[in-house]
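Hi everyone, thanks for coming. I'd like to walk you through one structure today, from the overall fold down to a single residue. Let me put it on the screen.

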Amino acid sequence: MPGFAAVPVALALCAGLLTGPAVAEPRDGCRAGPSGCYGLYTYGYSLGLHPFTSPHAVRAQLTDHFWLFPVSGGCPSRIRAGARCELLGGNPVEVEYIGNDFFQINTLPGHQLGRGMHIRFAFSRTLGFHTLTVRAWQDRPSDCTGEVFCNGVNSAFAWGTWRVLAQTLRLSAYAA
């Protein structure tokens with residue numbers, strides 16, 4: 001029966017979420033990307049049709065005008081790789097990378113969601129339609145990662161926050 005073997009795996013995953021995370025050491029290499037790390041969420045948002053705007057231009061629009069970021073808090077208007085600042089609510093982050101069509105932040109000690117959460121904002125275009133993909137992962141599970149309610153609330157908050165960002169970029173991409 002196709003898919004039958006996936007049921008025990010899914011149940012095991014759910015059981016792990018309900019019992020809480022085991023104490024784990026941070027994974028090496030999580031700064032570079034989510035492979036082999038503790039995945040949290042991946043959300044995709046349409047930024048609309050912008051046939052004459054590159055993904056690089058949309059990324060630059062945001063990193064050069066960071067006040068467009070819905071939780072920019074005390075961060076400077078223009079962010080650079082290696083910079084540290086506090087997002088809304090006193091949540092410290094480091095700008096890990098700024099690439100041609102993406103940027104990535106890392107939560108620092110004192111952040112409400114704990115340290116070591118990486119969030120990558122990637123921009124792409126297909127046939128003139130732009131997309132924002134937001135992906136989050138951690139170096140190690142946190143107390144919240146294993147709590148269904150906490151993880152659900154944080155994921156829902158992230159989805160809504162990044163949706164606001166996408167709506168903002170949908171309009172500001174015309175100026176990019």
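**From the whole chain to one leucine**

Buried residues, meaning those under 20% relative accessible area with a 1.4 Å probe and protein chains only (over 50% is exposed, in between is partly exposed), make up 40% of the 176 residues in the protein chain. Please keep in mind that this is a predicted model: local features need pLDDT of at least 70, side-chain atom pairs count only at pLDDT 80 or more, and totals for chains, interfaces and linings use all residues. Residues are numbered from 1 along each chain as its sequence is written, and side-chain values use heavy atoms, with hydrogens and water left out.

The exposed area of the protein chain is about 9,600 Å², with 62% of it from carbon and sulfur atoms; that comes from the Shrake-Rupley method with a 1.4 Å probe, and for residues only the protein chains shown count as cover.

So what is the order of elements from the N terminus on? The protein chain runs α-β-α-β-β-β-β-β-α, which comes to three helices and six strands. Those are DSSP runs numbered from the N terminus: H or I of at least four residues for helices, E of at least two for strands.

Let's look at the sheet. It is open, its six strands pair in antiparallel fashion, and their order is S1-S6-S5-S4-S3-S2. Pairing here asks for at least two bridges found by DSSP between two strands. S1 and S2 are the edge strands, each pairing on one side only. On average, neighbouring strands are turned by 25 degrees against each other, direction ignored. As one example, strand S4 (residues 102-107) pairs with S5 over five bridges in the antiparallel sense, and Gln-104 stands opposite Arg-120 in S5.

Now the helices on that sheet. H2 lies across S1, strand S3 (91-98), S4, S5 and S6, and runs at about 140 degrees to S5. H3 packs on the sheet too, touching S1, S5 and S6, and its direction makes about 25 degrees with that of S1. For these angles, axes are lines fitted to C-alpha atoms, for helices over the stretch in contact, and angles run from 0 to 180 degrees between N-to-C directions.

How far apart are the end C-alpha atoms of H3? They are 36 Å apart, which agrees with the 36 Å that its 25 residues (148-172) should span at 1.5 Å a residue; the expected span takes 1.5 Å times one less than the number of residues. Buried residues of H3 include Ala-158, Trp-162, Leu-165 and Leu-169. Among the elements covering the buried residues of H3 are strand S1 (38-49) and helix H2 (55-64).

Let me zoom in on Leu-169, in helix H3. Leu-169 is buried, with a relative accessible area of 0%. Leaving out residues up to four places away in sequence, Leu-169 touches Leu-47, Leu-62, Phe-123 and Leu-132, where contact means heavy atoms within 4.5 Å. Leu-47 is 122 residues away along the chain, yet the two C-alpha atoms are separated by 6.5 Å.

Finally, the disulfides (cysteine sulfur atoms within 2.5 Å): the count comes to two. Cys-30 and Cys-37 are both buried, and the torsion about their S-S bond is about -115 degrees, so this disulfide is left-handed. Cys-75 and Cys-85 are joined at 2.0 Å, S to S. Their torsion is about 75 degrees, so that one is right-handed.
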